[in-house]
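Hi everyone, thanks for making time for this. Let's have the model up on the screen, and then I'll talk you through one helix and step back to the whole chain.

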Amino acid sequence: MKKLVLPVVLCFCSIILSAQYYQTGEDPASLKWRQINTDNFQVIYPDYFEDKAQRLTSVLEEVYKFGGYSLGNSPKKISIILHTQTVQSNGLVAWAPKRSEFYTTPHQDIYPQDWLEELSIHEFRHIVQLNKVNSGLPGIVKAIFGEQVTALVFGAYLPWWFIEGDAVATETALSKYGRGRFPSFLMEHKAQVVEKGLYSYDKAYNGSYKDYVPNFYRLGYYLVGNSRLKYGTELWESAVENVGKRFYGLSPFNSTLKELTGKNKVQLYHSVFDSLKNVWLAQDEKYNPAPYQKISKANKRYTSYEYNYWLNDSTIISYKSAQDKIGRFVAIGKNGKEDNLCFPGTIFSESATCRDKLLVWSEQIPDARWAHSGKSLIRTLDAISKKTGKFYPEFKCCSPSISPDKSSIAVVETNFANDYFLSVYSLPEGKLTHRFQTGDNNYFFSPEWIGQHEIALVLLTEDGKRLAKLDLNTDKLEILVDRDLGETKQLRSSQGKLYFISSYSGKNGLYSYDLTDESLELVYEPRFGAAYPDISNSGEILLGNYTSGGFELIKLVGTKPVPIDSVKKGKYHLADGLAKQEKGIPVFNAPDTLYQSKKYNKTAHLFNFHSWAPVYVDADSYEFTPGASLMSQNKLGTATTVLGYKWDVTEETGQFYGNCSYNGWYPVFSLEASTGNKASNYYYVEQTKNQLGEIIKQDTVIKRFTWKRTNIGLGMKLPFDLSSGAFYRFVQPEVQYEYTKYKHNPSTPESYFQGAFQSFSYRLYCYQLLRQSSMDVYPDFGIVLDGSYQHSPLGNTDLGDQKALQSILYLPGLLKNHGVKIYSGVQNKNYGNDFSFSDILKYPRGMGSISSTQMFSLGADYKLPLFYPEWSLGGAVYLQRVSASLFGDYANFKGNVYKNGEAVGTFAKDVSSFGLELKCDVNFLRFYSPANIGFRASYLPDLSDISFDFLFSVDFSSFY
């Protein structure tokens, strides 16, 4: 176990840093902000969002009455920041600094409830969880560390399946819907358990590379919900409370489960899912499958076919996503052969369609500078000629639908103020020709043309989702089916009927509505779930059929539709049981009176000191040393400041420091400053003389000396995110100024440098990287360029100058998911009189530094996954993947040969190395973020030397 200490310590140190410096990005600098303050919330929002902010505040206050009941906690006041321009739909809660962030744009997968109401219930539950932990922590601990200690304890001890599962259970219990009443949310575990059996706890929680594992939201809902029904709400209330009260223990969450249930979390997992397995197997035995023909070929890895359309009677277009391949549109022939059509970027949910040979989809395009802004891009592709087109709609849009004559598309649009529209744009030029909004600002789903001037759609009402029809000539909106069909989506029109997916029976099945006689029928009841239907001109029905291996493509054979009145409506016993444990359901009425609002001054709130620590924390190098730190991050995420004192144990010296960065303007500015003593040693010949002055003893001793160093660094950079299509693209120019001053102390030798030097650094960094599948070790294609220049044009101290250019090229390997990385770099350095710049290029691995004026470096890696063991060692280690990298490095050095400080000649030297890196993707102590741990063996033939290096990193992107 001793060998695990370092990785575990580093994991927990990384949690601290992640908690302190977690920033989600910035909103455009032009926004003017306002705020509403109540006893429980501070809502911060752009000024144009006033009406929606008023409504949201009343929703939050209503949720406050119910959201903490089953955890026995009423949170203290917290800030809610609204990001209104994002292309993402999300929410989060953080505790250092303490706030919640809402991404206000809805998406096509929301359940039948207003998006801001959904966010409020779910995210408020996270606020309750964190506040519950915070309330249990001793006051002295919070006094020493500030807000960060709550985030640390919360992230270290509460498994993510509980954090999100409890929030999903709450959103389900406190509404008529919620994901706990979403068959598409529930079916993944059922299909996995019925077809593949029950996974180990470690695999079910921490995931797998070789198999698809439902996420911790789904896992958590089953675990938290079923345990609540069996043991009562007191189980999780006590577990969360004890995480705060017993934070000093090894596993307060697990020990509480053991005390109250007699089971730890692994045993609880098996208990819950063994019971579910029996129920699901019994249900599966009763399932009587309707006949169908499977079209897609079997795939070794989890693969899904979505957005399915008949191109003609013999060819199908589908969007194919897989664990081992990036998403792509494919054309599938009668023999099952697949041809790639194109590789799109990030598609909005439910946002691709096809009519005849025209394929249209809506992509998310990030803003070049602001992470909390973006836009939609409509792309078109002729599946036969491969001709492409694109245009930008006015607002964020999704779910495009092509008109019968292919001259227009209808889309669902949302502007920055959360006004919802059904809009029509002409093709191919993208001119707005029609826009419709209901008087109540209802949200729309799945528009589908049922004539040249009529569009069927799903309308979100206070009572749920309803099938409706819009006449574009009169803007008359008519409800077609005024009954609750549950989750309703993916409308397709054919021969006077409207086909769609509905969860009415408790599974996502295929239904039809006759536009003439208004009859409603169940066309196909799947084993687990169905999606993305299409009907050919000859009436053949194409469908995605869910299995444990993903959505397969099937064609229905001889369907026998059943009237909906003969279909038993689905029941959700777990969801209903959870609702009974609450004191009621929030009722969201329009506010009777407006809340007082006022301006939120960005300048006045630039500093927000939230945490501190009796240690020095360097977030860049993950360094912890004795000292003190004081951390600030403003609520809008644009300014961070760290102040403190660092004590160097080796040198026995200390320095005061301060780091500030401001991201609220188009350029990002940074300031770093430090001052204090530094120490070193020099050799001194100590002589002992007699009375006559003769040397009778002479010793060489080491003398310690100190000097004072002051350093100031100013930086400016312009980060541009230019991602589009299948590529991530990024460009960042930056400039850095640095001032360093050395001052003598009494112990400093006279010959030691005294004075100041200044330097400027200029850098241009850019890359274009193809998106990766979850199993890829490198992108199949990509290029990174990094050029820099450093010099010292100011002051009396000459540092010389240095020019460097580096590049990385990624190429596919010999087999799938293998990868090649080729590194190259060239550097030219002119030395100054006193100092010189540090080398930028990479040395051959295993080699130390060498002084040179010119350097050329080249390296190549061939990386491949070796195997996927999925081994568990108790709760200590879960080994997911072992990969290897064969590498070879080469460098050519040229420089001056010196004698007595004078250059007397030049030298040229070639150095090479090659070796092996062996790495493992592991989860330590069931911590959700995986660590990458391994070693490197390098052989330098010129020196006949073998060296070994320990490799370790933690991937926090898995959280988000």
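Look at where helix H13 packs: its buried residues sit against two other helices, H6 (160-173) and H9 (216-231). Do keep in mind that this is a predicted model.

So which residues of H13 are buried? Helix H13 runs over residues 573-580, and its buried residues are Leu574, Ala575, Gly577 and Leu578. These four cover an arc of only 165° around the axis, so they lie on the same side of H13. If that pattern of numbers looks odd, here is the background: an α-helix has 3.6 residues a turn, so residues three or four places apart point the same way. And what about the face of H13 turned away from the buried side? That face carries His573 and Lys580, which are exposed.

Now let's zoom out. The chain has 13 helices and 49 strands. Its radius of gyration is 32 Å, close to the 30 Å that the globule rule gives for 960 residues, so the chain is as compact as a globular protein of that length. Along its principal axes, the C-alpha trace spans about 125 × 65 × 55 Å.

How much of the chain is buried? Of the 960 residues, 56% are. Contacts also reach far along the sequence: among those with a separation of 6 or more, 58% are between residues 24 or more positions apart.

Finally, the outside and the charges. The accessible surface comes to about 41,500 Å², and 52% of that belongs to carbon and sulfur atoms. The chain has 101 positive and 99 negative charges, and their mean positions are 3 Å apart.

Key
Residues are numbered from 1 along each chain as its sequence is written. This is a predicted model: local features need pLDDT of at least 70, side-chain atom pairs count only at pLDDT 80 or more; totals for chains, interfaces and linings use all residues. Side-chain values use heavy atoms; hydrogens and water are left out. The radius of gyration is taken over C-alpha atoms; the globule rule is 2.2 Å times the number of residues to the power 0.38. Buried means under 20% relative accessible area, exposed over 50%, partly exposed in between (1.4 Å probe, protein chains only). Contact means heavy atoms within 4.5 Å. Accessible areas come from the Shrake-Rupley method with a 1.4 Å probe; for residues, only the protein chains shown count as cover. Lys and Arg count as positive and Asp and Glu as negative; His and the chain ends are not counted. The place of a charge is taken as NZ of Lys, CZ of Arg, CG of Asp or CD of Glu. The arc is that of the directions from the helix axis to the C-beta atoms.
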